[in-house]
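Biologist: I should like a close look at a single part of this predicted model. Please take the strands and what surrounds them, and set that part within the chain.

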Amino acid sequence: MAGSFAQLAKNAEKKKPLIAVSKEAVKNPPLKIYMLGQETLRTPANRIVKVDDSIRKLAKDMLITMYSAKGIGLAAPQVGVQKRILVIDLNFEEPESPPNVFINPEIISSSASVDTYEEGCLSIPGVYLNVVRPSSIKLSYRDEMGRPKKMNAEGLMARCIQHEIDHLNGVLFVDKVSDEEELKKQLNENNFNQSDVRKETN
């Protein structure tokens, strides 16, 4: 009997997320979120060569910062760190639901079908605009232990991953907005400069 309890404890330990943080907002989050117009948001991030405790600490600090800002996704360049890591939690109101940590994420393939959906960004607060993106994607990445993983994502998760990977490449969602008038209006209302938008040419 003691053996089976030991096995149960071991299995429970295995399922326990490595990066566990409270989803409650804190008054002084560990990282500062940079805003549209700051160069760190336009600097492509570097691949992470080794997944170690410093990377796990970064992920933890990013999650605390994201929850404190009431966001569902955050990429390292948004907090001034040029590393290819992002965190996502679509279930931020469910304390027991573990967040997603994606290290060196790469989109392997995208669906031909696309969706239009309103997006916002912690680096451009107050601005919410429609963006067209592929409906589903296939992704490769490493988890917080450095293990290679693959994932099929659709809907909001697919959109969120694409939005955050754009950040890793120095691209912001406002660069992809086709409604110029609404973009200009919302940027002005929230004291952002339209000159900081870099329209995609493709």
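Modeller: What follows begins with the whole chain and then turns to strand 2, its partners and some individual side chains.

The model is predicted, and every value here is computed from it. The protein chain has 4 helices and 7 strands. Read from the N terminus, the order of its elements is α-α-β-β-β-β-β-β-β-α-α. The radius of gyration is 18 Å, close to the 17 Å that the globule rule gives for 202 residues, so the chain is as compact as a globular protein of that length. Along the principal axes, the C-alpha atoms fill a box of roughly 70 × 40 × 30 Å. Of the 202 residues, 45% count as buried. When contacts between residues at least 6 apart in sequence are considered, 66% of them join residues at least 24 apart.

Strand 2 covers residues 85-88. Which way do its side chains point? Ile85 and Val87 point one way, Leu86 and Ile88 point the other way, and all are buried. Strand 2 pairs with strand 1, residues 73-75, in the antiparallel sense over 3 bridges. Strand 2 also pairs with strand 3, residues 100-110, again in the antiparallel sense, over 4 bridges. Val87 is a useful point of reference for both pairings: Leu74 stands opposite Val87, and Val87 in turn stands opposite Val101 in strand 3.

Strand 3 also carries a residue of the aromatic pair. The count of such pairs comes to 1. Phe102 and Tyr141 form this pair, which is edge-to-face, with 4.7 Å centre to centre and 70 degrees between the planes. Because Phe102 lies in strand 3 and Tyr141 in strand 6 (residues 136-142), the pair ties together parts that are 39 residues apart in sequence. Phe102 counts as buried at 1% relative accessibility, and Tyr141 is likewise buried, with a relative accessible area of 14%.

A ring also takes part in another arrangement: Lys32 lies over the face of Tyr34, at 4.6 Å from the ring centre.

The cysteines call for a separate remark. The structure holds 0 disulfides. Cys121 is in no disulfide, and its nearest cysteine sulfur, that of Cys160, is 10 Å away. Cys160 is in no disulfide either, the nearest cysteine sulfur being that of Cys121, 10 Å away. A disulfide requires the sulfur atoms to be within 2.5 Å, so a pair 10 Å apart does not qualify. Cys121 is buried, with a relative accessible area of 11%, and Cys160 also counts as buried, at 6% relative accessibility.

Finally, there is a charged residue in a helix. Is Asp166 in helix 3 (residues 155-168) buried or exposed? Asp166 counts as buried, because its relative accessibility is 12% and the cut-off for burial is under 20%. Leaving aside residues up to four places away in sequence, Asp166 touches Arg133, Val171 and Lys176.

To return to the part requested, strand 2 pairs in the antiparallel sense with strand 1 and with strand 3, and its residues Ile85, Leu86, Val87 and Ile88 are buried. From strand 3, the edge-to-face pair of Phe102 and Tyr141 then links to strand 6.

Terms used. Residues numbered from 1 in each chain as written. Predicted model: local features only at pLDDT ≥ 70, side-chain atom pairs only at ≥ 80, totals over all residues. Heavy atoms only, no water. Buried < 20%, exposed > 50% of the residue type's maximum accessible area, 1.4 Å probe, protein only. Helix = DSSP H or I, 4+ residues; strand = E, 2+ residues; numbered from the N terminus. Pairing = 2+ DSSP bridges. Phe/Tyr/Trp six-rings, centres within 6.5 Å; stacked < 30°, edge-to-face > 60°. Lys NZ or Arg CZ within 6 Å of the ring centre and 35° of its normal. Rg over C-alpha atoms; globule rule 2.2 N^0.38 Å. Contact = heavy atoms within 4.5 Å.
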